[in-house]
Amino acid sequence: MTQDATIAELTQRIGVLEAEAEIRRVQARYMFLCDTPCPEFGVRDDTHRIDLIMELYTEDAVWEGVGEYYDGQFGRAEGHAAIRAHFETFWGEKQDPALLLNAHYLTSEQIHVEGDEATGQWIHMQPWLFSDGQALLRSSRLNNAFRSIGGAWKITRTRTENVFVAPLPANFAASHPSASVLMRL
């Protein structure tokens with residue numbers, strides 16, 4: 001292999017590694033912003049939280065729940081306005097009982113980069129605790145798509161399918177914060 005071919009191959013491989021790392025950061029940031037209480041310092045309210053989440057999506061993105069459990073629960077939202085409306089059903093309205101805690105854990109990652117397009121698959125676990133003491137553990141498979149736009153990776157598709165939902169013992173978390181201060185400067 002010539003020196004030029006070796007440099008070209010290494011440059012391409014580094015590009016894939018950088019893309020994977022950026023996609024990983026975008027997906028993790030999305031999950032981080034979806035946690036309750038929101039751990040990012042300076043998020044003023046749920047509208048601001050949704051604004052930050054929407055910055056991660058392309059204008060033509062799709063968010064959808066698929067499979068026998070999620071088809072009816074989440075449906076499909078196409079484009080920024082529809083995806084924003086979807087998130088407003090979680091955070092834009094007062095819920096009773098209120099969601100006190102949820103945290104997203106990602107595992108079983110697979111990222112596949114093809115030029116300026118990529119897909120990623122994960123399994124996600126998420127405990128929920130509500131103000132009435134009820135709690136559950138939710139697990140989903142994610143099959144997401146991404147596009148590089150001007151050198152920045154954005155989400156073009158979030159697709160989630162239920163693995164299971166299981167009740168947890170009432171008040172399973174003996175201690176949890178009412179607000180997160182982790183990211184405070």
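1. From the N terminus on, the order of elements in this predicted model is α-α-β-α-β-α-β-β-β-β-β. The protein thus described has four helices and seven strands.

2. As to overall dimensions, the C-alpha atoms fill a box of roughly 65 × 45 × 30 Å along the principal axes. The protein has 185 residues, of which 39% are buried.

3. The largest pocket holds about 980 Å³ of space. Its lining consists of 43 residues, and those closest to the pocket centre are T36, F90, W91, L99 and N102.

4. Several elements contribute to this lining. At least two residues each are supplied by helix 1 (3-34), helix 2 (46-54), helix 3 (67-74) and helix 4 (80-91), and likewise by strand 3 (99-102), strand 5 (117-130), strand 6 (135-149) and strand 7 (152-168). Helix 4 provides the largest share, with five residues.

5. The character of the lining may be noted next. Sorted by class, the residues that line the largest pocket comprise 21 nonpolar, 14 polar and eight charged ones.

6. A separate point concerns the surface. F41, L182 and M183 together make a nonpolar surface patch of about 320 Å². Within this patch, F41 belongs to the loop between helix 1 and helix 2. F41 has a relative accessible area of 43% and is therefore partly exposed, since that class lies between the limits of 20% for buried and 50% for exposed residues. The same value also satisfies the requirement of over 30% relative accessible area for patch residues.

Methods. Residues are numbered from 1 along each chain as its sequence is written. This is a predicted model: local features need pLDDT of at least 70, side-chain atom pairs count only at pLDDT 80 or more; totals for chains, interfaces and linings use all residues. Side-chain values use heavy atoms; hydrogens and water are left out. On a 1 Å grid over the protein atoms alone, a cavity is a set of points where a 1.4 Å probe fits but cannot get out, and a pocket is an open set with protein on both sides within 12 Å along at least five of seven lines; lining residues have an atom within 4 Å of a point. Grid points are joined across faces, edges and corners, and a volume is the space filled by probe spheres set on the points. Ala, Val, Leu, Ile, Met, Phe, Trp, Tyr, Cys and Pro count as nonpolar, Asp, Glu, Lys and Arg as charged, and the others, Gly among them, as polar. Patches are made of residues with over 30% relative accessible area and no salt bridge: like charges are joined within 9 Å, nonpolar side chains (Val, Leu, Ile, Met, Phe, Trp, Tyr) within 5 Å. Accessible areas come from the Shrake-Rupley method with a 1.4 Å probe; for residues, only the protein chains shown count as cover. A salt bridge is a side-chain nitrogen of Lys or Arg within 4 Å of a carboxyl oxygen of Asp or Glu. Buried means under 20% relative accessible area, exposed over 50%, partly exposed in between (1.4 Å probe, protein chains only).
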